Amino acid sequence: MNSILFNRKRLYVTGLLLLLAGSYASVNQYPPTRMQSEKSVNQEGFLLSTSQADYKVYKDLKELESFSKVIVEAQVVSTAKVEEFTQNGHKIDAAGKVDVKVNQSFKGDLNPGDIITVYEPGYMEDGMYVNTEGYKNMTASGKYMLFLAKSPEGVYAIRGLYQGKFDLTISQPAKESDYKTTKYTLQEFDKLDYVGREVGQFNNLKKEVLSKYGSK
């Protein structure tokens with residue numbers, strides 16, 4: 001039983017939210033806009049809420065690398081949390097955040113062994129996975145190539161939404177039907193790397209990422 005929830009709301013401009021957006025087209029003049037939220041539930045009852053957004057699409061890995069302040073291979077070392085952002089006492093948005101340990105550093109000033117907190121545009125809340133543009137959150141079982149934005153205050157966030165995080169332990173291409181038609185247990189869901197519609201863009205970037213970083 002799928003339902004469409006039209007949820008037009010304008011996000012306020014904060015450094016963190018802009019980092020999470022990963023270079024929205026309107027970032028220089030206007031706050032980014034989440035355009036629509038789609039909820040779908042598979043037959044096991046696992047609910048997803050996916051919001052759309054204006055964001056920069058990277059033409060290839062080279063361009064993604066050039067826009068990323070930090071590039072690392074890392075793994076999760078903490079339980080994921082949700083941080084809410086409020087204005088005048090009202091919740092305006094939220095993001096997931098998790099600690100990761102750097103295994104290898106390819107760009108930026110981080111070193112192997114460093115532990116940083118990374119904000120993600122996806123999180124679990126009240127039995128529902130809330131995300132932007134199909135971003136799939138990180139889990140403790142993965143080994144991730146992360147392309148990160150970094151604010152002057154030292155806040156790290158995924159660059160380009162789903163375009164900035166790739167699980168090196170998952171080699172099979174993502175499928176658009178994964179999050180809408182397939183039955184999942186929570187364990188099966190955790191093995192996915194992407195749950196959106198832009199599978200061509202995601203798979204093309206991941207193919208390049210696996211070719212360059214997968215054997216390092």
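**Figure 1. Overview of the chain.** Of the 216 residues of the chain, 49% count as buried. The structure is a predicted model, and its chain holds five helices and 13 strands. About 10600 Å² of the chain is exposed, and carbon and sulfur atoms supply 48% of that area. Among contacts between residues at least 6 apart in sequence, 64% join residues at least 24 apart.

**Figure 2. Strand 11 and its covering.** Strand 11 spans residues 144-150. Six of the seven residues of strand 11 are buried, and the strand is thus described as mostly covered. Strand 11 pairs with strand 5, with strand 13 and with strand 12, as the next three views show.

**Figure 3. Pairing of strand 11 with strand 5.** Strand 5, residues 70-76, runs antiparallel to strand 11, and five bridges link the two. Within this pairing, isoleucine 71 lies opposite phenylalanine 147 of strand 11.

**Figure 4. Pairing of strand 11 with strand 13.** Strand 13 comprises residues 165-167 and pairs with strand 11 in the antiparallel sense over three bridges. Methionine 145 has phenylalanine 166, in strand 13, as its bridge partner.

**Figure 5. The hairpin of strands 11 and 12.** Strand 12, residues 156-158, is antiparallel to strand 11, with three bridges between them. Leucine 148 faces its opposite residue, isoleucine 158, in strand 12. The two strands form a hairpin with five residues between them. In the turn, glycine 154 has a positive phi of about 90 degrees.

**Figure 6. The largest nonpolar core.** This core has 22 residues. The residues with the most contacts inside the core are Val72, Val100, Val118, Met138, Leu146 and Leu148. Two or more residues come from each of strand 5, strand 7 (90-107), strand 8 (115-120), strand 11 and strand 12. Strand 5 gives the most, with four residues. In soluble globular proteins, nonpolar side chains tend to be buried together.

**Figure 7. Surroundings of valine 118.** Leaving aside residues up to four places away in sequence, valine 118 touches Gly96, Lys97, Val98, Val100, Met138, Leu148, Tyr156, Ala157 and Ile158. Two of these names return from the hairpin view, where leucine 148 stands opposite isoleucine 158.

**Figure 8. A second nonpolar core.** Separate from the core described above, a second core has 18 residues. Among them are Tyr55, Tyr194, Val199 and Phe202.

How values were computed: Residues numbered from 1 in each chain as written. Predicted model: local features only at pLDDT ≥ 70, side-chain atom pairs only at ≥ 80, totals over all residues. Heavy atoms only, no water. Buried < 20%, exposed > 50% of the residue type's maximum accessible area, 1.4 Å probe, protein only. Contact = heavy atoms within 4.5 Å. Areas by Shrake-Rupley, 256 points an atom, 1.4 Å probe, with all protein chains shown as cover. Pairing = 2+ DSSP bridges. Core = buried A, V, L, I, M, F, W, Y, C linked by side-chain atoms within 4.5 Å.
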